[in-house]
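Hi,

Here is the structure I promised to pass on, with my notes on it underneath. Have a look at it first, then read on.

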Amino acid sequence: MSETTTDIGDGTRAVRAGLPEPVKYEPTLPGPVFAAHFHLPGEPTGPYTYGRDENPTWTLLERAIGELEAPGKDDVETLVFPSGMAAISAVLFSQLRTGDVAVLPNDGYQALPLVRQQLEAYGVEVRTAPTGGDAQLEVLDGASLLWIETPSNPGLDVCDVRRLADEAHARGCLVAVDNTLATPLGQRPLDLGADFAVASGTKQLTGHGDVLLGYVTSRNAALMASVRRWRKIVGAIAGPMEAWLAHRSLATLQLRAERQNANALALAEALKGRPEVSGLRYPGLPDDPSHEIASRQMRRFGCVVSFSLPTRARADRFLESLRLVDDATSFGGVRSTAERRGRWGGDAVAEGFVRFSCGAEDTEDLVADVLRALDESAG
């Protein structure tokens, strides 16, 4: 995108991000490049040599994501991966060494306990603390890397990214922020002081439930060189078709986010009046415990609402009664999804805890479907 300034809107940026300069008779977004190797006579000085290292389709997507995460910044670099977990692993395992200390949230994504086990097997000390109340500060001394997930998944707690980043850097500690739930349209961790913004592009970023993708973004070239080296060593590369689909989907990110986030706020407001609902969380609610902090660092509050119903059976009946909502274990898609999160184990949630991801349905239809399902599941 020729526009790299920060004075254009999110919608304009999303539809133009990463596009190459126009060439007569060529498509505005070139199709996916399927290539294991490239013509390479003489010295290998060009940008594309072998398909595990670079691909023109990745390049355009990486440029687009960088423009969303750090608008107007010429030094931003992004690397795409075949999943969010591949991106998370690339940062952690490229930056940490035996004897280092990592600080993780104890209420974050369900796979983080597995990550902890692997880090500890490599001789990395792992400390954990909740996201809420900036509790990770209490275990930060001596750490090499602080991993932040805000809002947390699935509990939707929020921490003060700038405060944690400042405190971490004062101690010589790197900071990575999982930006999956917020997306770059919701918050920009690099602007808040983080060294890395990391996310699963599988969720709202691409938004159609048909692409597995992850990415790492940073403005520190040395840090990104080690992440790139890790990607090369383990071969954690995105497929060109997935990268192309992801880039195509970015064009509607702002449109999708506006409707989905509006639906999430409307649903949260509707659930406030239901006596069977407890533990309702959505950072966009004015009375949510995280609202004050979220309002300072987020421009949009996301599409996920969490709450609990009295029992596991009641939650299961509720999910079965929904007509416009898929029972699925992802979030951020244009079709609403929900699940009883406790069915997987590993999350510290009640048996009746529901993670609800609002899609792009008409607000009135979605809210009506949820309220009807609550009524029908009462018996």
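Before the notes, a word on the UniProt entry: positions taken from it are in the numbering used here, feature names are shortened, and annotations may be inferred rather than shown by experiment. Also keep in mind that this is a predicted model.

**The annotated lysine**

With that said, the unreviewed UniProt entry lists Lys 203 under "modified residue: N6-(pyridoxal phosphate)lysine". Where does Lys 203 sit in the model? Look in the loop between strand 6 (196-200) and strand 7. Buried or exposed? The cut-off for buried is under 20% relative accessible area, and Lys 203 has 13%, so it counts as buried. Once you skip its neighbours within four places in sequence, the contacts of Lys 203 are Thr 180, Ser 330, Phe 331 and Gly 332.

**The seven-stranded sheet**

The two strands on either side of that loop belong to an open sheet of seven strands, ordered 1-7-6-5-4-2-3, with mixed pairing. Strand 1 and strand 3 (125-129) are its edges, each pairing on one side only. From one strand to the next, the twist averages 20°.

Strand 6 and strand 7 are antiparallel partners, with four bridges between them. In that pair, Val 198 is opposite Val 216 of strand 7. Two helices worth clicking on pack against this sheet:

- Helix 2 (residues 56-69) touches strand 1, strand 6 and strand 7, and its direction is at about 125° to that of strand 1.
- Helix 3 (residues 84-95) touches strand 1, strand 2 (101-105), strand 4 (145-149), strand 5 (174-178), strand 6 and strand 7, and its direction is at about 150° to that of strand 6.

Now for strand 1 (residues 77-81). Strand 1 pairs with strand 7 (residues 214-218) in the antiparallel sense, over five bridges, and Val 80 faces Tyr 215 of strand 7 there. Strand 1 is an edge strand, yet four of its five residues are buried, so the rest of the structure largely encloses it.

**Helix 3 against helix 6**

In general, two packed helices are described by the angle between their axes and the distance between the axes. For helix 3 and helix 6 (residues 221-234), the angle is about 110° and the axes are 9 Å apart. That makes the two helices roughly perpendicular, and the crossing is right-handed. On the helix 3 side the residues involved are Ser 89, Ala 90, Phe 93, Ser 94 and Gln 95, and they meet Leu 223, Ser 226, Val 227 and Trp 230 in helix 6.

Val 227 deserves a second look. This helix 6 residue is buried, at 0% relative accessibility. Its C-alpha is separated by 5.7 Å from that of Ser 94, although the two are 133 residues apart along the chain. Leaving out neighbours within four places in sequence, Val 227 is in contact with Leu 79, Phe 81, Ala 90, Ser 94, Gln 95, Phe 196 and Val 216.

**A buried histidine**

His 247 is in helix 7 (residues 240-250). With a relative accessibility of 6%, His 247 is buried too. Beyond its neighbours within four places in sequence, His 247 is in contact with Ala 17, Gly 18, Leu 19, Leu 29, Leu 60, Leu 61 and Ala 64.

**The five-stranded sheet**

There is also an open sheet of five strands, in the order 8-9-12-11-10, again with mixed pairing. Its edges are strand 8 (278-281) and strand 10 (326-327), each of which pairs on one side only. Strand 9 (residues 304-308) runs antiparallel to strand 12 (residues 353-357), and five bridges join them. Ser 306 is opposite Arg 355 of strand 12. Helix 8 (residues 253-271) packs on this sheet and touches strand 8, strand 9 and strand 12, with its direction at about 20° to that of strand 9.

**Helix 10 against helix 11**

The last pair is helix 10 (residues 312-321) and helix 11 (residues 363-376), packed at about 135° with axes 8 Å apart. They are therefore oblique to each other, and helix 10 passes helix 11 in a right-handed crossing. Arg 314, Phe 318 and Ser 321 of helix 10 make the contact with Val 370, Arg 372, Ala 373, Leu 374 and Glu 376 of helix 11.

Cheers

Conventions
Residues numbered from 1 in each chain as written. Predicted model: local features only at pLDDT ≥ 70, side-chain atom pairs only at ≥ 80, totals over all residues. Heavy atoms only, no water. Buried < 20%, exposed > 50% of the residue type's maximum accessible area, 1.4 Å probe, protein only. Pairing = 2+ DSSP bridges. Contact = heavy atoms within 4.5 Å. Axes fitted to C-alpha atoms, helices over the stretch in contact; angles between N-to-C directions. Parallel < 35°, antiparallel > 145°, perpendicular 65-115°, else oblique. Left-handed = near helix turned anticlockwise from the far one by under 90°.
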